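Reader: Please take me through one part of this model in detail. Set the scene first, then close in and stay there.

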Amino acid sequence: MPSALAFRLRPNEEYLSVNWLEHFGASDLNTAIVCLREVFLNKPYRLQSKARFAVLNVEAVKNAVREATKSEPSIKHLPSRNDPSHAGILAGTLDELTIAVRLKTLVTPENVHRAAT
């Protein structure tokens, strides 16, 4: 299970990077995860054996951020050349630790999937 630190911004980031699984048009979640793995393998990242993807509901994420910040979050599709499913959570606040802790509460064993095969 990821810690809340997995949901914190990296230095110089303006938004929390996420991926839009529906972009792949997959018929089921497992197929979408396979597509996401392929995207990550084409990036300059190495998927460690302990790496995991947390699959969260967009409305639940918006509600969690809204509760943490008292402002309206935005989730935008931000595709790149090597990641057409890339998106970002823009919270409009600097209280990222509170947001990270709220997002962590949405993660359950059922919505965590191995990133590496």
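Author: What follows starts with the overall fold and then turns to one helix and its surroundings.

The model is predicted, so local features need pLDDT of at least 70 and side-chain atom pairs count only at pLDDT 80 or more, while totals for chains, interfaces and linings use all residues. Numbering runs from 1 along each chain as its sequence is written, and side-chain values use heavy atoms, with hydrogens and water left out.

First, the frame. The protein has three helices and five strands. Both kinds are DSSP runs numbered from the N terminus: helices are H or I with at least four residues, strands are E with at least two. Their order from the N terminus is β-α-β-α-β-β-α-β. The radius of gyration, taken over C-alpha atoms, is 14 Å. The globule rule (2.2 Å times the number of residues to the power 0.38) gives 13 Å for 117 residues, so the protein is as compact as a globular protein of that length. Its C-alpha trace spans about 35 × 30 × 30 Å along the principal axes. Buried residues (under 20% relative accessible area with a 1.4 Å probe, protein chains only; exposed is over 50%, partly exposed in between) make up 31% of the 117.

Now the part to look at: helix H2, residues 58–69. The expected span of a helix is 1.5 Å times one less than its number of residues. For the 12 residues of H2 that gives 16 Å, and the end C-alpha atoms are 16 Å apart, which agrees.

Look at its start. A side-chain oxygen of Asn57 comes within 2.8 Å of the backbone nitrogen of Glu59. That is a polar contact: N or O atoms within 3.5 Å, where within protein one must be able to donate a hydrogen and the other to accept it, and residues adjacent in sequence count only if both atoms are side-chain atoms. Past the other end comes Lys70, with a positive phi near 60°.

Which residues of H2 are buried? They are Val61, Ala64, Val65, Ala68 and Thr69. Viewed down the axis, they fall within an arc of 115°, so they line one face of the helix. The arc is that of the directions from the helix axis to the C-beta atoms. Strand E3 (74–77), E4 and H3 are among the elements that cover this set.

Val61 shows the packing. Beyond four places in sequence, Val61 touches Leu56, Ile75, Ile89, Leu103 and Leu106. A touch, or contact, means heavy atoms within 4.5 Å.

This leads into the core. A nonpolar core is a set of buried Ala, Val, Leu, Ile, Met, Phe, Trp, Tyr and Cys residues joined through side-chain atoms within 4.5 Å. The largest has 14 residues, and Phe7, Leu16, Val61, Val65, Ile89, Ile99 and Leu103 touch the most other members. Helix H2 and helix H3 (96–105) each supply at least two residues. H2 gives the most, with four. In soluble globular proteins, nonpolar side chains tend to be buried together.

Turn to the partner, H3. Its buried residues are Ile99, Ala100 and Leu103. They cover an arc of only 100° around the axis, which puts them on the same side of H3. Their cover includes strand E1 (16–19) and H2.

There is also a second, separate core of nine residues, including Leu21, Ile33, Leu36 and Leu47. Ile33 and Leu36 are among the buried residues of H1.
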